[in-house]
Amino acid sequence: MQKDFIYAEPLAQIQDFCFDATVAEVFPDMIQRSVPGYQTIVQTIGKLTQKYQQPASRYYDLGCSLGAASLAMRRQLTDAGSRIIAIDNSPAMVERCQRHLQSFRSDVPLEVLLADIRDVEINNAAIVVSNFTLQFLPKQHRDELVARIYQGLKPGGIFILSEKIVLDNPQTHELLIDLHHDFKRANGYSELEISQKRSALENVMLPDTIEEHQQRFRQAGFSSSVVWFQCFNFCSMVAIKEPEPSDA
Ligand SMILES: Nc1ncnc2c1ncn2[C@@H]1O[C@H](C[S@+](CC[C@H]([NH3+])C(=O)[O-])CC(=O)[O-])[C@@H](O)[C@H]1O
Ligand SMILES: O=C(O)C(=O)Cc1ccccc1
C-alpha cells in the first residue's frame, strides 16, 4: 500500500482538495489513517447487507472511490439476481476501482460508473450507501439527492450514510476536532500535514450537524433513522424506509 505524503512538504499555495490520480494512488492509506472507525464502518456495511438484502434488488455505492463498500456488500449477497452499481465522478478512482474489482470473482454483477451521483437514476434499491460522499456535494443539492434515494428504495430498504459532522456548540465542536487531530498525529501525520489538508478541505467538504441529517431524512420520508456509529466528529447512520405491512 502506498503511503500518503501529499501534504508532507510546505506548499506555496494550497489548492482545493480533489480526487485526482495522486490521491487515488494513496487513498487506502489516507482514509485508514484519517477516518476513525473506517474499517468498522465498512465491515458493518457488510453486516447490514446480510440483514437487509432483498431478492432481485439493486445496491448503490454513491462515491465509491476504490469500491470498499461495494466489495463489503458483494461478499454478503446471495441472490444472483442482485446488482451492485458503484458510482464516482473521479476518473482516477473509477479506473482503479474497476481494476481492483476485477481481481475478485463473484456471481453478483457489479458495474462501476463514471458519473455524478446527482445524475444517476436510483430505483429498485434494497440498500443505498453514501460512505463519506454526501459531505462533498454543495449543500443546496443534498435534500434533493436524499429525497431521490428515498424514492428509489424498496419498502424496507435502507440508506447507510457516513459523514464527518459539525456541532452547533463551539466548545464541543473544537473538542471533537482536537481529538480527531490527535488521532491523525497518532497515525503518523505531522502538524504541517494536518493543517495543510485542513485548508485544502475547507471549501470542498462542508459537513452538516447530525440534526440536519435527521431532519433531511424525515423530510425525505424515512420513518426512522439511527446513528449506529460515532467516533469524534465522524459518524455513520442508517435510515429505514417503512416496510410494507405484512398480511399476517
Ligand atoms: N458529485 C459526485 N458524484 C460522484 N462521486 C463523487 C461526487 N462528489 C464526490 N465524489 C466522490 O466521492 C468519493 C468520496 S471518498 C468515499 C470513500 C468510499 N465511499 C469508501 O467507502 O472507501 C470520502 C473521502 O475521501 O473522505 C470520492 O471518490 C469522490 O470522487
Ligand atoms: O483527513 C481528514 O481530515 C478528513 O476529514 C477525512 C478525509 C479522508 C480522505 C479524503 C478526504 C477527507
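**Strands, helices and two ligands**

Reader: Which residue in strand 7 stands opposite Glu163?

Author: This is a predicted model: local features need pLDDT of at least 70, side-chain atom pairs count only at pLDDT 80 or more, and totals for chains, interfaces and linings use all residues. Residues are numbered from 1 along each chain as its sequence is written, while chains are lettered from A and ligands numbered from 1 in the order in which they are written. Start at Glu163 and look across to strand 7 (strands are DSSP runs of E, at least two residues, and helices of H or I, at least four, numbered from the N terminus): the residue there is Cys235.

Reader: How many bridges join strand 5 to strand 7?

Author: Lys164 has a partner in strand 7 too, standing opposite Phe234. Strand 5 covers residues 153-164 and strand 7 residues 234-240, and the two run antiparallel. Strands pair if DSSP finds at least two bridges between them, and here the number is 7.

Reader: What is the bridge partner of Val128 in strand 5?

Author: Strand 5 is also joined to strand 4, this time running parallel, by 6 bridges. Within that pairing, Val128 is matched with Phe159.

Reader: And in what order do the strands form the sheet?

Author: The sheet is open and its pairing is mixed, with 7 strands in it. Strand 3 (110-114) and strand 6 (224-231) have a single partner strand each, so they stand at the edges with one side lacking a neighbour. Put together, the order is 3-2-1-4-5-7-6.

Reader: What angle does helix 2 make with strand 4?

Author: From one strand to the next, the sheet twists by 15 degrees on average. Helix 2 (residues 38-52) packs on this sheet, touching strands 4, 5, 6 and 7 (contact means C-beta atoms, placed from the backbone, within 7 Å). Between its direction and that of strand 4 (axes fitted to C-alpha atoms, 0 to 180 degrees between N-to-C directions), the angle is about 170 degrees.

Reader: Which strands does helix 3 touch?

Author: Helix 3 packs on the sheet as well, and its direction makes about 175 degrees with that of strand 2. The strands it touches are strand 1 (58-62), strand 2, strand 3 and strand 4.

Reader: Which residues come nearest to ligand 1?

Author: Helix 3 (68-76) and strand 2 (83-88) each give at least two residues to the shell around this ligand (a residue counts if its C-beta atom, placed from the backbone, lies within 6 Å). Of the 20 residues in the surroundings, the nearest are Phe19, Gly63, Ser90, Asn131 and Phe132.

Reader: Which element gives the largest share of the shell around ligand 2?

Author: That shell is made of Met30, Ile31, Ser34, Val35, Lys164, Lys197 and Leu201. Two elements supply two or more of these residues, helix 1 (21-34) and helix 7 (191-201). With 3 residues, the largest share belongs to helix 1.

Reader: How far apart are the end C-alpha atoms of residues 61-157?

Author: In an unreviewed UniProt entry, this stretch carries the feature "domain: Methyltransferase" (such annotations may be inferred rather than shown by experiment). The span is 33% helix and 26% strand. Its end C-alpha atoms are separated by 14 Å.

Definitions and conventions. Two residues are in contact if their C-beta atoms, placed from the backbone, lie within 7 Å.
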